[in-house]
Amino acid sequence: MGVEVVTFGCRLNAFEAEVIRGKAEGAGLSDTIVINSCAVTNEAVAQARQSIRKLKRERPGARIVVTGCAAQTQTAMFADMAEVDRVVGNDDKMRGEAWRETHAAFAIGASEKIAVNDIMAIREMAPHLVDGYASGLPRVFVQVQNGCDHRCTFCIIPFGRGNSRSLPMGAVVEQVRALAERGHAEIVLTGVDLTSYGADLPGAPKLGMLTKQILRHVPELKRLRISSIDSIEADSDLLDAIADDARLMPHLHLSLQSGDDMILKRMKRRHSRNDAIAFCDRVRRLRPDIAFGADIIAGFPTETEEMFSRSLDLVDECGLTFLHVFPYSPRPGTPAARMPQVAGGAIKERAKRLRAAGEAALRQRLQAEIGATRDVLIESDGQGRTEHYLPVAIAGEQVGSIVPRVIAGVDGERLTA
């Protein structure tokens, strides 16, 4: 057996899983399972622990290595698990040296499990071109930023990822060009706090400048997509690119978190409710067909029913299509964990209502697509996605191709074409 990577959490973790597999196999590891963990919620941490126990029962001879955000923030907890052979730091997991040291430790039967450094001391970001992507895979990710300098009161991620650091523009452009030349039709730019891109680089270029440089210097790239952004940090170059270049997909996922100004202040967010609505209105004027997704937390500490209703109303007021709902869970060490908590039953009920609102908004958008002609990226035999990231049932097309199709109807939560 080689190296199996089991990933939890965000798209960035999914990208990093490919790097981890390559580095670990290159270091000579075999019959090893790497758990690339997430720390964003208590549930994510619990899922990682459950998976570790299950995998050890299924493959008792395999070595289990835990890395990722939860490994960085709760190192001792994972090291104390009998099933775990080693805990590798969240920045170290991207370095070949860490996996060579892990291989050496296994070879000599070393008893020390922990190989986690101070992530706050990391100031630079190294490029990691993924060689493991299958040629012609329709959609691939490029990590351009890591870490976060903000301290939202609910969030543990800065302590799992470190301070914000960016990949130089030239390195990003070269990665995108290499991937486009391999036949990948769509590339997604990803990071922890994507709109803080460039603040640590000479001249402090912003995400919009990076986007324009990619589109200008990689003409063979068919599609560029931006992952989750903080709308208050979106710069004028990014908005220009959204308005002017059809290769930049009309789909943005926003880190909104709440629709109530007092809750946003207690979260230590940097935008207001009106800021979020104004941003969506502005972008929609530039690109009328754009689709918005958003992260919203249900049941943040001190949230009343009236405060929650403002988050619910935000679905319509911002014209959201995709909703990612997080039932609030206290993360140890964060300020929000010390605030007056909302009852668990109320949190679940509010999350359910938010999800129902999101499902209704998605159905409405799907119905509105009927009769439109969309360029569908074929992801697999039988399914593709439009420019707006809407799923389409479609058969008989080559995976990786982009085909114009008239949307004929809706089949459940998918379009038909």
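In the predicted model, helix α7 covers residues 169-181, and its end C-alpha atoms lie 18 Å apart. This agrees with expectation, because 13 residues at 1.5 Å a residue should span 18 Å. Within α7, the buried positions are Val172, Val173, Gln175, Val176, Ala178, Leu179 and Ala180. These buried residues pack against two strands, β6 (139-143) and β9 (186-190), and against helix α8 (207-217). Just after α7, Gly183 adopts a positive phi of about 105 degrees.

Val172 of α7 is buried and also belongs to the largest nonpolar core, which comprises 52 residues. Val172 is among the residues with the most contacts inside this core, together with Ile214, Leu252, Phe279 and Phe292. When residues up to four places away in sequence are not counted, Phe279 touches Ile229, Ser231, Ala234, Leu239, Leu252, Leu254 and Phe292. A second core, separate from the largest one, contains 24 residues, including Val6, Ile33, Ile52 and Val87. In soluble globular proteins, nonpolar side chains tend to be buried together.

Strand β6, against which buried residues of α7 pack, also contributes to the second largest pocket. This pocket holds about 220 Å³ of space. Its lining consists of 12 residues, of which Ala14, Leu137, Arg139, Val140 and Phe141 are the closest to the pocket centre. The elements that supply two or more lining residues are α1 (11-26) and β6. Helix α1 gives the most, with four residues. By class, eight of the lining residues are nonpolar and four are charged, whereas none is polar.

Notes
Residues numbered from 1 in each chain as written. Predicted model: local features only at pLDDT ≥ 70, side-chain atom pairs only at ≥ 80, totals over all residues. Heavy atoms only, no water. Expected span 1.5 Å × (residues − 1). Buried < 20%, exposed > 50% of the residue type's maximum accessible area, 1.4 Å probe, protein only. Contact = heavy atoms within 4.5 Å. Core = buried A, V, L, I, M, F, W, Y, C linked by side-chain atoms within 4.5 Å. 1 Å grid on protein atoms, 1.4 Å probe; cavity = no way out; pocket = protein on both sides within 12 Å on 5 of 7 lines; lining within 4 Å. Points joined across faces, edges and corners; volume = space filled by probe spheres on them. Nonpolar A, V, L, I, M, F, W, Y, C, P; charged D, E, K, R; others polar.
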